[in-house]
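Trainee: I should like to take a close look at one part of this model, namely the empty space enclosed within it.

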Amino acid sequence: MTVHELSLADARRIAVRAQLFDRRRPTNLLDMVDGLTLLQIDPTAAVAPSADLLAWSRLGSSYAPAQLVTALEERSLIELRAMIRPAADLKLYRAEMADWAGRGESSLWPDAHHDWVRVNDACRRDILQRLDEVGPLSSRDLPDKCVKPWGSAGWTNNRNVAQMLEFMVRRGEVAVAGRRGRERLWDLAERVYPNDPVVPAEEARRVQDERRLRALGIARARGPECPVEPMDVGDAGERAVVAGVRGEWRVDPAALGQPFSGRAALLSPFDRLVHDRRRMIELFEFDYQLEMYKPAAKRRWGYYALPILYGDRLVGKLDATADRKAGVFRLVAIHRDTEFTKAMATAVDQEIRELSRWLELDLLLP
């Protein structure tokens with residue numbers, strides 16, 4: 001089988017185009033999400049909620065957050081494990097859910113998780129009964145009937161109902177039916193998910209890998225285990241090597257030889273173009289971390305710095321904050337990783353001003 005030989009520029013342009021950052025923007029939210037396969041949800045809104053920022057960076061100011069709210073209410077998009085996905089893709093996850101519930105040939109449950117749910121089965125059944133009778137309900141509306149607390153060194157410690165709901169999502173028993181502010185509302189999955197035929201597990205994994213590769217353009221065949229959404233793509237696509245980068249890649253053959261016309265864009269810290277940090281470093285040679293969990297004195301680029309894309313290069317970070325009480329989009333600094341040409345500076349400045357207008361905030365320069 002032919003192994004495609006790509007330059008770094010080739011690989012970057014395939015990745016950028018696959019993530020819909022061509023000069024020709026997508027025009028429809030649902031088509032955009034279908035192309036990306038997901039929008040990641042994160043509660044931090046230092047500039048805007050991540051899912052909205054992901055959509056704006058591609059659609060531009062024709063996008064309004066109300067469009068996403070409507071799509072979720074109409075269930076053309078579905079929230080699944082902190083990701084917004086096309087409802088039509090849910091059929092690719094139902095076989096895995098059945099396996100988590102112990103109905104498949106081999107369970108995906110770690111023994112400790114299986115034992116915790118089994119010991120607290122009365123709590124699980126009570127949640128199902130209450131949602132059946134009353135739902136949708138928030139987690140705080142559901143009483144904690146767990147006899148064994150959930151133990152964790154992190155923020156989930158002793159959050160028994162919340163943790164049980166997460167396991168029940170994986171079992172395909174409950175689903176996010178909507179939100180009240182930032183609070184999720186839960187209901188029986190059968191009332192939320194489309195009643196499409198379940199795709200067998202092996203076929204579903206193959207289709208997921210193929211869709212993920214189309215959304216990424218180029219990716220590793222194997223990678224570290226990641227919760228919720230893998231970064232690798234298995235045997236999808238075709239083999240490739242990238243000049244100056246060790247190892248073998250998989251590339252979407254439909255992406256090869258396509259013309260490229262890039263533009264400037266401001267990215268969410270959770271954008272898939274930068275989410276795989278190893279891939280980001282290998283292909284874009286870009287140094288970046290989300291620093292909101294660092295002490296202020298140790299931050300290099302800011303609390304919620306936005307990566308700056310120009311053409312096929314990641315060229316800097318924007319340190320800015322939406323101060324809604326003051327009515328301003330406060331620009332702190334533009335950290336340039338390379339010297340900006342006049343054209344680059346003009347294009348980046350235009351994106352910053354457009355983001356300020358979209359946020360309906362006055363731009364406040366340092």
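How many cavities of 30 Å³ or more does a search of the whole structure find? Please describe the largest cavity closely, together with its surroundings.

Mentor: The model is a predicted one, and a search of the whole structure yields four cavities of 30 Å³ or more. The largest cavity holds about 100 Å³ of space. Its lining consists of 13 residues, and those nearest the centre are Arg 212, Leu 216, Pro 230, Met 231 and Arg 272. By class, six residues of this lining are nonpolar, two are polar and five are charged.

The secondary structure around the largest cavity can be described next. Helices α10 (201-216) and α11 (272-275) each contribute at least two lining residues, and α10 provides the largest share, three residues. As for domains, the protein is divided into domain 1 (4-56 + 64-86 + 198-255), domain 2 (109-191) and domain 3 (264-364). Domain 1 and domain 3 each supply at least three residues to the lining of the largest cavity.

The second largest cavity, with a volume of about 60 Å³, also involves α10, which gives the most to its lining, with three residues. The residues lining the second largest cavity are Thr 37, Arg 85, Asp 89, Leu 92, Tyr 93, Gln 208, Arg 211, Arg 212 and Glu 229. This lining divides into two nonpolar, two polar and five charged residues. Arg 212 thus appears in the lining of the largest cavity and in that of the second largest cavity.

Terms used:
Residues are numbered from 1 along each chain as its sequence is written. This is a predicted model: local features need pLDDT of at least 70, side-chain atom pairs count only at pLDDT 80 or more; totals for chains, interfaces and linings use all residues. Side-chain values use heavy atoms; hydrogens and water are left out. Domain bounds come from an automatic or database domain assignment. On a 1 Å grid over the protein atoms alone, a cavity is a set of points where a 1.4 Å probe fits but cannot get out, and a pocket is an open set with protein on both sides within 12 Å along at least five of seven lines; lining residues have an atom within 4 Å of a point. Grid points are joined across faces, edges and corners, and a volume is the space filled by probe spheres set on the points. Helices (H or I, at least four residues) and strands (E, at least two) are DSSP runs, numbered from the N terminus. Ala, Val, Leu, Ile, Met, Phe, Trp, Tyr, Cys and Pro count as nonpolar, Asp, Glu, Lys and Arg as charged, and the others, Gly among them, as polar.
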